[in-house]
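User: I'd like to learn how to read a structure, one small question at a time. Could you show it to me and then take my questions?

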Amino acid sequence: MRMNPFVFTSPTKVRFGEEGLSSCGDYVQELGGTKVLIVTDAFIAKSGKLAPLIASIKSCLGVEPLVFSDVPPDSDVSCVDKGASIARENNCDCIVAIGGGSVMDTAKVINICLSLGGDLLDHQGINNITRRLHPLIAIPTTSGTGSEVSFVAMVKDHQEHKKMMFGSPFLAPDVAILDPLLIVSLPAKLTAATGIDAVTHCIECFVAQGTNSPMTDSLCLEALRLLKDWLAIATADGADLEARSATLVASTMAGMAFTNSGVGVVHALAHAIGGKYGTHHGMTNGVLLPHGMRFNLPAAEQAFARLARYIQVSEDPQDTKAAEALIDWVCGLLDELDLPVNLKQLGVPELNNDSLSELSDLASSDPAIMFNPREVTSEDLVAILRGAY
Ligand SMILES: NC(=O)c1ccc[n+]([C@@H]2O[C@H](COP(=O)([O-])OP(=O)(O)OC[C@H]3O[C@@H](n4cnc5c(N)ncnc54)[C@H](O)[C@@H]3O)[C@@H](O)[C@H]2O)c1
Ligand SMILES: [Fe+2]
């Protein structure tokens, strides 16, 4: 069979290594930045992690960067407005984001406001950003979201109780600095929660209907193998740098894959639930993943079997059995990582007809659902939600 046509884009320069922050000033200079806004959260600002970053930028530009450290978990439009005003008032022309997915996504949306101005709503959705933004350097301190290389950013719209989604290749950071030392302080619970997000990216992307290619396939396969071998170890011993390195690189690889090929029903529902109830993105994906996989089995059995054999959770030549083994492995991993296994444990209040229909409407209009390997009806979404409760 001839290979399907595909486009694979990964514009971000990825620099991996310990003590990576000292290289940031050089990258800012290379990108033509003259005044930097560092976007981060209160924890990172207090942790002392910023000192080498500030020193590197100051020594290269001769100008101290500004620090905006007010980003909350799952940040929102008001935080974006605040960060953009500070950047504008101080003539910043380069953004450095250091933090988890919430910080990196907020920095991307601040950059939209700073670079393009106008109403944020005009830039929302897929491919509504039509020109280059100011340079952005992303430095992840969690390993899971892949936002350091992805074309996607999500922030909450509190008035609407949902997440605003922005998707464009222009949102890909110019440079991602991956330093495993920055992740050592991440507590076990968040290591597990962010890691299961990366696991979900690998599995959903591998069967998604975006422009899948041998390039995205190889990223998903190898990233999932790294996560299978190292995520539980990183969770049990956060100081294990081999495990931290493997899971950090795996989550970036998964980010490169899903930004090209998409995700699916698990992410669509996780966005809806996270927007309405404020649950953690990765943990929500973890709860939904076995249910979404079971729903997708009729369209994805062969691909799940291939993943199962590659990561060596099954040697069974029968696809049905190997695919089931992958779902069993996911369930076992949730247990091993001590993650919630249903929506109730996640803290979602009992779902009645109104909330079920609201969540299914939100998920139906989420861009992630377009890439699911099977068509998903509102009834299917309600059944998955009931099954996951
Ligand atoms: N843009 C994308 O491609 C993409 C993909 C998946 C998820 N997301 C978004 O990412 C967000 C979730 O990001 P996340 O899972 O990284 O969590 P997060 O950024 O919300 O961080 C969770 C908590 O971890 C803390 N933290 C971060 N790094 C730490 C460290 N090294 N040590 C100790 N504590 C640390 C933070 O202070 C915060 O309290 C969601 O908003 C989700 O929608 C984006
Ligand atoms: Fe995700």
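User: Let's start with a loop. Where is the place of Gln312?

Analyst: This is a predicted model, in which local features need pLDDT of at least 70, side-chain atom pairs count only at pLDDT 80 or more, and totals for chains, interfaces and linings use all residues. Residues are numbered from 1 along each chain as its sequence is written, chains are lettered from A and ligands numbered from 1 in the order in which they are written, and side-chain values use heavy atoms, with hydrogens and water left out. Helices (H or I, at least four residues) and strands (E, at least two) are DSSP runs, numbered from the N terminus. Gln312 belongs to the loop between helix H11 (281–310) and helix H12 (319–336).

User: Is Gln312 buried or exposed?

Analyst: Buried means under 20% relative accessible area, exposed means over 50%, and partly exposed is in between (1.4 Å probe, protein chains only). Gln312 has 64% relative accessibility, so it counts as exposed.

User: And what value is phi of Asn91 near?

Analyst: Most residues other than glycine have a negative phi. Gln312 goes the other way, with a positive phi near 65°. Asn91, in the loop between helix H4 (77–89) and strand S4 (94–99), is exposed at 61% relative accessible area. Its phi is positive too, near 55°.

User: What distance separates the C-alpha atoms of Asn91 and Leu359?

Analyst: Along the chain, Asn91 and Leu359 are 268 residues apart. In space, their C-alpha atoms are separated by 41 Å.

User: Now the metal. Which residues coordinate the iron ion (ligand 2)?

Analyst: Donors are N, O and S atoms within 2.8 Å of the metal (3.2 Å for Na, K and Ca), and water is not among the atoms, so sites may look incomplete. Here the iron ion (ligand 2) is coordinated at 2.2 Å through one OD donor and NE2 donors. The residues are Asp197, His201, His267 and His281.

User: What do the angles make of the arrangement around the iron ion (ligand 2)?

Analyst: Four donors count as tetrahedral if all angles lie between 85 and 135 degrees; four count as square planar and six as octahedral if opposite donors are over 155 degrees apart and all others between 65 and 115; anything else is irregular. The four donor atoms here subtend angles of 85 to 169°, which makes the arrangement irregular.

User: How many residues apart are His201 and His267?

Analyst: The iron donors follow the spacing D-x3-H-x65-H-x13-H along the chain. His201 is in helix H7 (residues 188–207) and His267 in helix H10 (residues 265–277), a pair that links distant parts of the chain. His201 counts as buried at 2% relative accessibility, and His267 counts as buried at 3%. Their separation in sequence is 66 residues.

User: Which helix gives the most to the shell around ligand 1?

Analyst: A residue is near a molecule if one of its heavy atoms lies within 4 Å of it. Ligand 1 is surrounded by 26 residues, the closest being Asp41, Ser102, Thr141, Thr142 and Ser150. Helix H5 (101–116) and H7 each supply at least two residues of this shell. With four residues, the top contributor is H7.

User: How much of ligand 1 does the protein bury?

Analyst: A polar side-chain atom of Asp41 lies 2.7 Å from an oxygen atom of ligand 1, and a side-chain N or O atom of Asp105 is 2.8 Å from a nitrogen atom of the ligand; a polar contact is a pair of N or O atoms within 3.5 Å. Accessible areas come from the Shrake-Rupley method with a 1.4 Å probe. Taken alone, ligand 1 exposes 870 Å², and the protein buries 92% of that.

User: How far apart in space are Asn128 and Phe166, C-alpha to C-alpha?

Analyst: Asn128 lies in the loop between strand S5 (125–126) and S6, and is partly exposed at 37% relative accessible area. Phe166, in strand S8 (residues 162–167), is buried at 0%. They are 38 residues apart in sequence, and in space the distance is 8.0 Å.

Note on methods:
Polar contact = N/O pair within 3.5 Å; in protein donor to acceptor, adjacent residues only side chain to side chain.
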